[in-house]
Amino acid sequence: MTRNLIHSIAGALLLSLGCIAIAEAELHPREADIARNAAQRQAAAEALLARVVDIESPTENVAGVRAVGDVFDGELRAIGLRTRWIELPPEMKRAGHLVAETGGTRGKRGKRLLLLGHLDTVLAGERFRREGTRAYGTGIADMKGGAVVMLQALQALHAASVLQDMRITVLLTGDEEDAGMPLAVSREPMLELARQSDAVLSFEAAIDGTATIGRRGINSWTLETTGETGHSSAIFGAERGSGAVYEAARILAAFQAELGSEKYLTINPSVIVGGTKAALDDYRGTAEGKTNVIAPVAIARGDIRYISLDQERSARERMQAIVARHLPRTQAMLRFDDGAYPPMTPTPGNEALLQVLDGASRDLGLGPVAALDPAERGAGDIGFVAHLLPGLDGLGSGGGGNSHAPGEYADLATLTPMAQRAAVLIYRLTR
Ligand SMILES: [Zn+2]
């Protein structure tokens, strides 16, 4: 290749890169207005976050969850949304859910959006505390920060006089961290709102430069094995067989050997007991057995995580097939719990939403947004509706620390950029 040719290719590349850069820097004037409005709300957003973090709202604290809901209720009504509280049956011991709607009248153009978040936290006890741009406090990352980002985005759209025409429904659930049972009752309102929407945006904590297009589902299982008991010297023999502990060990080892390398599928035995006597409730067990006696019973419990309902079904079938190959003179039974969290399976529809978000983020000068590896995020509320409509998650505040553990924090410097990103995304989806 001649030097001239190289120069002309380089020149063409520079030209085309230049064009892209100019296009990227372009926001619609209305979008620029929305972004400025979001930035003006930074101090108010920080103050609101401090206020709601200092209202303790672990799922079981029904009054606390409701009090956090009341704060958001007031904020949402202040920007013109109609709000209502959905009560759940008292025996469920859950606070219920807050719903807010714009009631926009804009024709059939643009998507109807469901914005999703939760009011409850896992723990309690850590008050709001600032260190530089970091703010600590129970549930601040998961996800009071995300609920504040959602509100800040809606306020920015309201200030630009575009919110009232949009068809947006906000659902803040009161029991995401420990959903009320039966799920068919506690999650029905979410399903109903999803059926009236075209896309769902969930504001769980953001993870650096990513959004979530897939979250794994989760369920729990119990394995119970039984066998003959008797003098230990008779084990392996035709009369006594292998005993219940070997049968449990065989099954668990086969789960790992035969299913352990499948992408996005994990099976975790979390607790096991076995012996002459063994008992196990949800997560606490007792067992006893002398070394010279063959164990007649063993019980294990654990979870299974999966990226799609097909993967779950296939895994269950293979697990049951493993269970059925009993060792001599043993029996085994594998039971899955009710109340599984369904997965959010990555779909082309979710990818398409991610493309719009990525474009909005670049145009705001906030950099690209990539899909988060589904292995890096647990199950969430969005999984209950992900089969009904395309969605994105991880649109909330950025931060760090372990969620569901003391020391979680939100990075206050992420509130405005995340609100700007969400607001422009919403604006573009509702055009
Ligand atoms: Zn959460």
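Start by selecting strand 13 (297-306), which gives four residues to the lining of the largest pocket, the largest share of that lining. The model in the viewer is a predicted one.

**The largest pocket**

With strand 13 shown, add the other elements that give two or more residues to this lining: helix 5 (140-159), strand 9 (217-227), strand 10 (266-275) and strand 17 (399-400). The pocket they help to line has a volume of about 1,000 Å³.

Next, select Glu177, Arg305, Gly378, Ala379 and His404 and centre the view on them. Among the 39 lining residues, these five lie nearest the centre of the largest pocket.

Now colour the lining by residue class. The largest pocket has 16 charged, 13 polar and ten nonpolar residues in its lining.

**The second largest pocket**

Move on to the second largest pocket, with a volume of about 240 Å³. Select Asp208, Gly209, Thr414, Met418 and Arg421, which are the closest to its centre of the 16 residues that line it.

Which elements each supply at least two residues of this lining? Show strand 18 (409-411) and helix 11 (415-429), as both do so. Of the elements here, helix 11 gives the most to the lining of the second largest pocket, with three residues.

Finish by applying the class colours to this lining too. The residues that line the second largest pocket divide into eight nonpolar, five polar and three charged.

Technical notes: Residues numbered from 1 in each chain as written. Predicted model: local features only at pLDDT ≥ 70, side-chain atom pairs only at ≥ 80, totals over all residues. Heavy atoms only, no water. 1 Å grid on protein atoms, 1.4 Å probe; cavity = no way out; pocket = protein on both sides within 12 Å on 5 of 7 lines; lining within 4 Å. Points joined across faces, edges and corners; volume = space filled by probe spheres on them. Nonpolar A, V, L, I, M, F, W, Y, C, P; charged D, E, K, R; others polar.
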